[in-house]
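Here is a short briefing on one protein chain. Keep the sequence and the structure in view while reading.

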Amino acid sequence: MPTRRHFLISFVATPIVLPRLGHAAGGSVELPLTANCGDDDDLTPAQTEGPYFTPESPEKKDFASDSAGGERMTLVGYVLTKDCQPVEKALIELWHADETGTYDNSGYKLRGHQFTDAEGKWWFETIVPGLYPGRTRHYHVKVQRPGGNVLTTQLYFADEPDNRRDRIFNADLLLDIKTTSDGKFGRYDFIVA
């Protein structure tokens, strides 16, 4: 069984295929897009930031060391425009609960941000968030292209029992998740204005 590292190395080394242009920027391996950006109108849906956002998070990709007991998860994706062009230097900010469903509201555990590379790629090494009363399992995310508006949204897990009961759950925000020998690998591509 492949590892999360295997998926991440493949993701980082594989160029994006621009579906509307029919060619890869520097290669021929196609990575499936989570969002259907070929419609010219399907922006990633916005959602509430919730009560636990903390501004001025540190720039970091490794959240896993913040919670040694959690199940490992690698989150990856692209930031793309409505016409499927990669967005370089887009801000991606992530925060979520620990494995027990608790948020760090006094520091920056399981909180941070980074910027996309020249191909619009982003990735975090983190854990699967725990559940807390009233919500299904999720990650909080803010995405902003240079000079653009901030997209605040949440990412979800398929087949969670609480998805049906969660008042703001949106199936358009489901991660594409693969189970590996050392944790999970989740993919989502953001389409921003």
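**Salt bridges and aromatic rings**

Glu71 and Lys184 form a salt bridge, with their closest N and O atoms 3.9 Å apart. This pair links distant parts of the chain: Glu71 sits in the loop between S2 and S3, and Lys184 sits in strand S10 (residues 183–187), 113 residues apart. The model is predicted.

**Overall build**

- The protein has 1 helix and 11 strands.
- Along the sequence, the pattern reads α-β-β-β-β-β-β-β-β-β-β-β.
- The protein has 193 residues, and buried residues make up 50% of them.
- Take the contacts with a separation of 6 or more: residues 24 or more positions apart account for 72% of them.
- The accessible surface of the protein is about 9100 Å². Carbon and sulfur atoms hold 50% of that surface.

**Salt bridges**

- The structure holds 9 salt bridges. In general, side chains of opposite charge can pair when their charged atoms come close.
- In the pair described at the start, Glu71 is partly exposed, with a relative accessible area of 39%.
- Its partner Lys184 is buried, with a relative accessible area of 19%. Lys184 counts as buried because the cut-off is under 20%.
- Glu49 and Lys142 meet through their side chains in another salt bridge, 2.7 Å from N to O.
- Glu49 lies in the loop between strand S2 (23–24) and strand S3 (72–81), and Lys142 lies in strand S7 (residues 138–144), so this salt bridge ties together parts that are 93 residues apart in sequence.
- Glu49 is partly exposed, at 28% relative accessible area. Lys142 is buried, at 12%.
- The side chains of Arg187 and Asp189 also meet in a salt bridge, at 2.9 Å from N to O. Both Arg187 and Asp189 are buried.

**Lysines over aromatic rings**

- Lys142 has a further partner besides Glu49: Lys142 lies over the face of Phe53, at 4.7 Å from the ring centre.
- Lys61 lies over the face of Trp123, at 3.5 Å from the ring centre.

**Aromatic pairs and the cluster**

- The count comes to 10 aromatic pairs. A pair of rings is described by the distance of the centres and the angle of the planes.
- One of the pairs joins Trp122 and Phe124. The rings are 6.0 Å apart, centre to centre, with 55° between the planes, and the pair is tilted.
- Trp122 is buried, with a relative accessible area of 2%. Phe124 is buried as well, with a relative accessible area of 1%.
- Trp122 also pairs with Phe190: the ring centres are 5.8 Å apart and the planes stand at 40°, so this pair is tilted.
- Which strands hold Trp122 and Phe190? Trp122 lies in strand S6 (residues 121–127) and Phe190 lies in strand S11 (residues 190–192), so the pair ties together parts that are 68 residues apart in sequence.
- Phe190 is buried, as is Trp122.
- Which residues form one aromatic cluster with Trp122? Phe63, Phe124, Tyr188 and Phe190 join Trp122 in that cluster.

Notes: Residues are numbered from 1 along each chain as its sequence is written. This is a predicted model: local features need pLDDT of at least 70, side-chain atom pairs count only at pLDDT 80 or more; totals for chains, interfaces and linings use all residues. Side-chain values use heavy atoms; hydrogens and water are left out. Helices (H or I, at least four residues) and strands (E, at least two) are DSSP runs, numbered from the N terminus. Buried means under 20% relative accessible area, exposed over 50%, partly exposed in between (1.4 Å probe, protein chains only). Contact means heavy atoms within 4.5 Å. Accessible areas come from the Shrake-Rupley method with a 1.4 Å probe; for residues, only the protein chains shown count as cover. Rings of Phe, Tyr and Trp (its six-membered ring) pair if their centres lie within 6.5 Å; planes under 30 degrees apart count as stacked, over 60 as edge-to-face and the rest as tilted. A charge sits over a ring if NZ of Lys or CZ of Arg is within 6 Å of the ring centre and within 35 degrees of the ring normal. A salt bridge is a side-chain nitrogen of Lys or Arg within 4 Å of a carboxyl oxygen of Asp or Glu.
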